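Student: I'm new to this one. Please pick a single part, look at it closely, and then show me how the rest ties in with it.

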Amino acid sequence: MNSAAWTLLGLFLVVLGLLAWPLGRWLAALCEARLPAWMQRAEAPLYKLAGVDAERAMHWRGYALSLLAFNAVGAFAVYGLQRLQHLLPLNPAGIGAVSPDSAFNTAVSFVSNTNWQGYAGESTMSYLTQMLGLTVQNFFSAATGIAVAFALARGFAARNTDGRGFVGNFWTDVTRITAWLLLPISFVIAIVFVGQGVIQNFDTYKTVTTLEATAYQNPKFDAAGQPLKDAAGNAMTEAASTTTQALAMGPVASQEAIKMLGTNGGGFFNANSAHPYENPTALANFVQMIAIFLIPAALCFAFGRVVGDPRQGWAILAAMTVLFVLAVIAVIPAEHAGNPLLPPLGVDQAASALQAGGNMEGKELRFGIDASALFAAITTAASCGAVIAMHDSFTPLGGMVPLVLMQLGEVVFGGVGTGLYGMLIFAVLAVFIAGLMIGRTPEYLGKKIEIREMKLTSIAILVTPILVLAGTAVAVIADPGKAGIANPGAHGFSEILYAFTSAGNNNGSAFAGLSANTPFYNAMLAVAMWFGRFGVIVPVLAIAGSLAAKKRLPVTAGTMPTHGPLFVALLIGTVLLVGLLNYVPALALGPVVEHLILWK
């Protein structure tokens, strides 16, 4: 990497740390219900109206059932809004109802925090659907992920337990996370975005004449082919084109803020964060990148405080940071290397004062390779899915980095809540492996890891690989799946693998090049998104309940430290070996083969 790339990465990590540290203190207070009295008074009418006892802790099963019911109702609501939007207000463009299969896919997508979009937002969704359906679910799906992380943290932190496995109150958690965390921070970020030029309005779409229509003038000729002149003797001309374009408007800044903060990723426009109305300046782009990692990083600090040992949070954060930096070191040089097929054709790919150099295909020209590649690593390390560059146009190895980051389970910071509880699942597996090595019953944070926890951990880790690999296999065999491939061969396989990896791991970004807005892919990817989300959440909550029912054991001379460099190295190794080995054969058929063909 060059000095500019190192500087950008270093600045990003420093700013992230400075902002995440104090936010972690507030997250810990939310988890432990240490709220100011005025906040509790403000909440009370909401709980009374909903018939919720805010002080009553739930068993993990009740917590899970409440979570599933809440998200199922959200899915029905988003589906209904899409199907009826042509009859509802705030639809100045007169957009019709969304097709049943696309509406089903989108409803599942936004409820599961995936935000996979097989449609162009500005031509498919009304303002009401964007706000009341998609933006609202951006808040609720993010709150759901954080609530699960809170439940698991409480399971580890529980000391004198009655053995009943209480993990908190879901309704209280989702209310407090939404009201006292996501809403205020999103409001501040939205104001920053508006100041940078992100639009926020309810205007009708603007019809404008393009530059082409006024920049080129053709002379007029008579029947004999002679140039026509006006009374003053000047040649008469006419515009070469009368092309006009409809510029979509809308309440973008408010959706953009939670889109990033909640690691949702669904863009108001089809071009997502490459659109100048969503991401107008370099500062706005930097704020977006910080917003994606802000809560995942802060949750690590919060976890350390909740369990009573801040070093535990630092260890988790260190493992995430090392894996992230390795990914960035891989993707940026891969894109700077360019395409080996172009130099023999006389194409100069060297960086100079007149050109950026490297593989600029599909990149955000305003920000260059460094920022585009860093954004790609950030959005796929987290379960965000927002993009400023076309991942399909990356080099084979450069495109494999976002793919691998998702396949690791998106635990490299990961989504809000999902990154922390995903990494904690790997930590449980790491201490189990270490316990086998030294012949001791494994412990993590004073809780014995026994057969039940390991069975649930295995389920949580294996759910997404099964969904991704099985879905990819069906798609490359079935005729409807093959019909969507525009690039046959290794690259086409990578596009399908990326689509199911993105859906199963609740990322939402796409390799593009795959025609996925079809009944086949809408149904298949929706199944992957739903079970990729809740098929992991349920066993995680079961683990939280199991741990909460156990007494916390004191630290002894035989306890393996889980806060030092040795454990960080063990955790990183576990993530790479267990998380990635499932996908090695599939990667060999896709980006690896494509790289070897390209560099033959």
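Tutor: Let's start with a bit of vocabulary: a helix here is a DSSP run of H or I with at least four residues (a strand is an E run of at least two), and these are numbered from the N terminus. The span you'd expect for a helix is 1.5 Å times one less than its number of residues. The model is a predicted one, so local features need pLDDT of at least 70 and side-chain atom pairs count only at pLDDT 80 or more, while totals for chains, interfaces and linings use all residues. Residues are numbered from 1 along each chain as its sequence is written, and side-chain values use heavy atoms, with hydrogens and water left out.

Our part is helix 4, which covers residues 100-111. Its 12 residues reach 17 Å from the first C-alpha to the last, close to the expected 16 Å at 1.5 Å a residue. Now, is helix 4 covered or open? It is mostly covered, since 9 of its 12 residues are buried. Buried means under 20% relative accessible area, exposed means over 50%, and partly exposed is in between (1.4 Å probe, protein chains only). Among the buried ones are Ser-102, Asn-105, Thr-106, Ala-107 and Phe-110. What do the buried residues of helix 4 pack against? Their partners are helix 3 (60-84), helix 6 (127-157) and helix 18 (519-548), where contact means heavy atoms within 4.5 Å.

Next, step off the end of the helix. Asn-113 follows helix 4 and sits in the loop between it and helix 5 (121-124). Asn-113 isn't a glycine, yet its phi is positive, about 65°. In general, most residues other than glycine have a negative phi. Asn-113 is also buried, at 2% relative accessible area. Compare Ala-33, in the loop between helix 1 (3-31) and helix 2 (37-50): it too is not a glycine and has a positive phi, about 60°, but at 39% relative accessibility Ala-33 counts as partly exposed.

Now back to Ala-107 and the cores. A nonpolar core is a set of buried Ala, Val, Leu, Ile, Met, Phe, Trp, Tyr and Cys residues joined through side-chain atoms within 4.5 Å. The largest one has 173 residues, and those with the most contacts inside it are Phe-156, Leu-181, Leu-182, Phe-293, Phe-324 and Tyr-444. Apart from it lies another core, of 8 residues, and Ala-107 is among them, along with Tyr-119, Met-125 and Leu-134. As a rule, nonpolar side chains in soluble globular proteins tend to be buried together.

Leu-181, from that largest core, touches Leu-23, Trp-26, Leu-27, Leu-30, Ile-146, Arg-176 and Ile-295, leaving aside neighbours within four places in sequence.

That brings us to helix 7 (residues 170-196), with 27 residues and a span of 37 Å, close to the expected 39 Å. At its start, a side-chain oxygen of Asn-169 comes to within 3.0 Å of the backbone nitrogen of Trp-171. A polar contact is a pair of N or O atoms within 3.5 Å; within protein, one must be able to donate a hydrogen and the other to accept it, and residues adjacent in sequence count only if both atoms are side-chain atoms. Where does helix 7 kink? The kink, of about 35°, is centred on Thr-178, the bend at a residue being the angle between axes fitted to the seven residues ending there and the seven starting there. Thr-178 is buried, at 10%, and a polar atom of its side chain lies 2.7 Å from the backbone oxygen of Val-174. Leaving aside neighbours within four places, Thr-178 is in contact with Phe-140, Ala-143, Leu-183 and Pro-184. Just past helix 7, Gly-197 takes a positive phi of about 120°.

One last stop: the cysteines. How many disulfides turn up in a search of the whole structure? The count is 0, a disulfide being a pair of cysteine sulfur atoms within 2.5 Å. For Cys-31, the nearest cysteine sulfur is that of Cys-300, 14 Å away. For Cys-384, the nearest is again that of Cys-300, at 17 Å. Cys-31 is buried at 6% relative accessible area, and Cys-384 is buried at 0%.
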